[in-house]
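Trainee: I've just opened this one and don't know my way around yet. Could you walk me through it, a question at a time?

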Amino acid sequence: MATFLGINLFGLFGQLLVGLINGSFYALLSLGLAIIFGLLKIINFAQGAMYMLGAFFAWMALHYMGINYWAALIVVPLAVGFIGVMMERYLLRPIANEDHLYSLLLTFGIALILQGAFTHMFGSSGMSYAIPEELKGGNRLPFMYLPNYRAWIIVASLIVCAGTWYMIEKTKLGAYLRAGTENPSMMQAFGINVPLIVTLTFGFGVGLAGFAGVMAAPVYSVSPDMGSNMLIVVFAIVVIGGMGSIGGAILTGLGMGVVEGLTKYFYPEASTTVIFAVMVIVLLTKPAGLFGKEA
Amino acid sequence: MKMNKTAIALIGLGLVAPFVLYPVFLMKVLCFALFACAFNLLLGFVGLLSFGHAAFLGTGGYVTGYLMTNAGLTPELGVVCGTIAAGLLGAVYGKLAVKREGIYFAMVTLALAQLVFFLYLQAPFTGGEDGMQGVPRGNLLGFIDLNDNMNMYYFVFAIFLFGFWVVNRTIHSPFGQILKAIRENEPRAVSLGYNVNDYKWAAFIISAALAGLAGSTKTLVFQLASLTDAHWHMSGEVVLMTLLGGMGTIFGPIVGAASVVAIQNYLSGGELGNYIHIIMGLIFVVCVLAFRNGIVGEVQKLIKRNFS
């Protein structure tokens, strides 16, 4: 048994890995929230439901249509994104000029409907989704055992996060998006179809949650309340990081996953509450959030 | 003047209601109506959407339940202690939450409430998933037996009227006027020299304490304090009650609470029980898209348009 200063290194690295995996999901979800918030100025309470939807779609695609994991990784986020596009176009846009609290309540209602519908169809106990053949097994590293699928989660979500960051900060499309965040009416005046960009942005943000859902299906149990439990933690993370920057959302998500993992090792009783406690500390010391721009 | 007449009519209705309807159902409605009125004080009159009010409902319930079971308090003292506990929690949470605005405020309150939920889930005294069962109702002031549902009903009704009165006094006081000024135009309130965050904080504490009062009373009625009351679903339900009844109206939360409780009672009896969350969600969506003033708000608009 490898120990260092009385710490069981196997246990510690094991929990760190779990933390990084949770952190990957936190990062994907809060990234989606931040992108949507940037342009629409609303918080999507249905983001957790979309994550749940992603996992269920992957499960249904495999069991009803024989679509395997790799295809699901492409198809399911598109399907979830499409639902997001419809939601923005036909439900959110009509109330876009009202108080933003109404949009929040609307998305909350949608989350309730989706969660209720899936509980009704599949029960609340949850189902399992097999890890794809190619990613079964794992490697024994000097200090820990690393299952392949878990490594894949971290790598794939880092790639997606980095890609999204690059797209928004460095490409022309991203420049439109940032311009829209700054001043939508000016951008409209330059002849750019702002409503279309808004719709696609919402679809993309929601699609990220769908992608996270597919990734999560083999490691967590696919159940109707997987999204809501995750979302509340993600909200705390968004408050910690602030929604001012895309990179900030990614970093805070990963970081908080690691913090949670460490707590699970050193003081397991507090592992469910540590992120909320960090939020309280951040509110006391830096109310705008670690990366927040607003006053 | 009209307000007073409506209030007197409602009091009369409340006094005779238990002879017509099942008292336990009415007590449930009154507890939730008080909860919704407390919530509406924040949302309707300060413009703050709290998504964590279940924490206060749950805290009031647990504290009262614990003291009634283990310390042998009389019910009125148990309720007072539950209310104070929720008020203290509200003071801490309010102080933190008012640092952020709008959407962030909703997220902060939701996250803080989840913190409380996990604490109650793990704490030994709450009974975890089973909840605190068999809480005694006790004797009011030492001699009125509350195990009698009629006695209990009038006790609950009196508590409700007290809570409703507090909300109304707050709204119609100079303090309430400043709250409304903050809702309408916060920068202007600041420029007039008001310390906006302190006003929000005070409103938050009143709202939290009253939500705790509702939770304490509910625990006595059902002789049970459970995690359901502290769950985020409950926070969502109170938003729905207020939205459906009409936020920012005096009677809206009462109408909303009565409607939602009636719908839930009706559904849980039949085959539609499974659809309860779907239906709640649909009501949310319909209210937001087509019905933003709520039942009372729409009725008021109708009266204004046709009779004045």
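## Where the chains meet

Mentor: Sure, and keep in mind that this is a predicted model. To start, 34 residues of chain B are in contact with 33 residues of chain A.

Trainee: Which helix gives the largest share of the side of chain B that touches chain A?

Mentor: Three helices of chain B each bring at least two residues to that side: α5 (102-122), α10 (232-245) and α12 (276-290). With 14 residues, the largest share comes from α5(B).

Trainee: And how many residues on that side of chain B are nonpolar?

Mentor: Sort them into three kinds. Three are charged and seven are polar. The nonpolar ones number 24.

Trainee: Back to α5(B): how far apart are its end C-alpha atoms?

Mentor: Start with what you'd expect. The helix has 21 residues, and at 1.5 Å a residue it should span 30 Å. The model agrees with that, since the end C-alpha atoms of α5(B) are 31 Å apart.

Trainee: Is α5(B) largely enclosed or largely open?

Mentor: Count its buried residues, where buried takes 20 or more other C-beta atoms within 10 Å. In α5(B), 16 of the 21 residues are buried, so the helix is largely enclosed by the rest of the structure.

Trainee: What does UniProt list around there, and how much of it is helix?

Mentor: An unreviewed UniProt entry lists several spans of chain B as "transmembrane region", including 77-96 and 103-123. Residues 77-96 are 100% helix, with end C-alpha atoms 29 Å apart. Over residues 103-123 the end C-alpha atoms are 30 Å apart, and the chain is 95% helix.

Trainee: How does chain B as a whole compare with a globular protein of its length?

Mentor: Chain B has 13 helices and four strands. Its radius of gyration is 19 Å, close to the 19 Å from the globule rule for 308 residues, so chain B is as compact as a globular protein of that length. Along the principal axes, its C-alpha atoms fill a box of roughly 50 × 45 × 40 Å.

Trainee: What share of contacts in chain B join residues at least 24 apart?

Mentor: We look at contacts between residues at least 6 apart in sequence. Of those, the share joining residues at least 24 apart is 77%.

Trainee: Let's zoom in on B:Gly58: buried or exposed?

Mentor: B:Gly58 is in helix α3 (residues 54-70) of chain B. Leaving out residues up to four places away in sequence, B:Gly58 touches B:Val116, B:Tyr120, B:Gly215, B:Asp229 and B:Ala230. It has 31 C-beta neighbours inside 10 Å, so B:Gly58 counts as buried.

Trainee: Over in chain A, which residue takes a positive phi just after α9(A)?

Mentor: Helix α9 of chain A covers residues 226-241, and its 16 residues reach 23 Å, close to the 22 Å expected. It's largely enclosed by the rest of the structure, because 14 of the 16 residues are buried. Just after α9(A), the residue with a positive phi, about 80 degrees, is A:Gly242.

Trainee: Last one: what ipTM does the model score?

Mentor: For chain B, the average pLDDT is 89, and 98% of the residues score at least 70. Where pLDDT is low, the predicted coordinates should not be read in detail. For the model, pTM is 0.89 and ipTM is 0.87.

Methods:
Residues numbered from 1 in each chain as written. Chains lettered and ligands numbered in written order. Predicted model: local features only at pLDDT ≥ 70, side-chain atom pairs only at ≥ 80, totals over all residues. Contact = placed C-beta atoms within 7 Å. Nonpolar A, V, L, I, M, F, W, Y, C, P; charged D, E, K, R; others polar. Expected span 1.5 Å × (residues − 1). Buried ≥ 20, exposed ≤ 12 C-beta atoms within 10 Å, placed from the backbone. Rg over C-alpha atoms; globule rule 2.2 N^0.38 Å. pLDDT = per-residue confidence, 0-100. UniProt positions renumbered as here; feature names shortened; annotations may be inferred.
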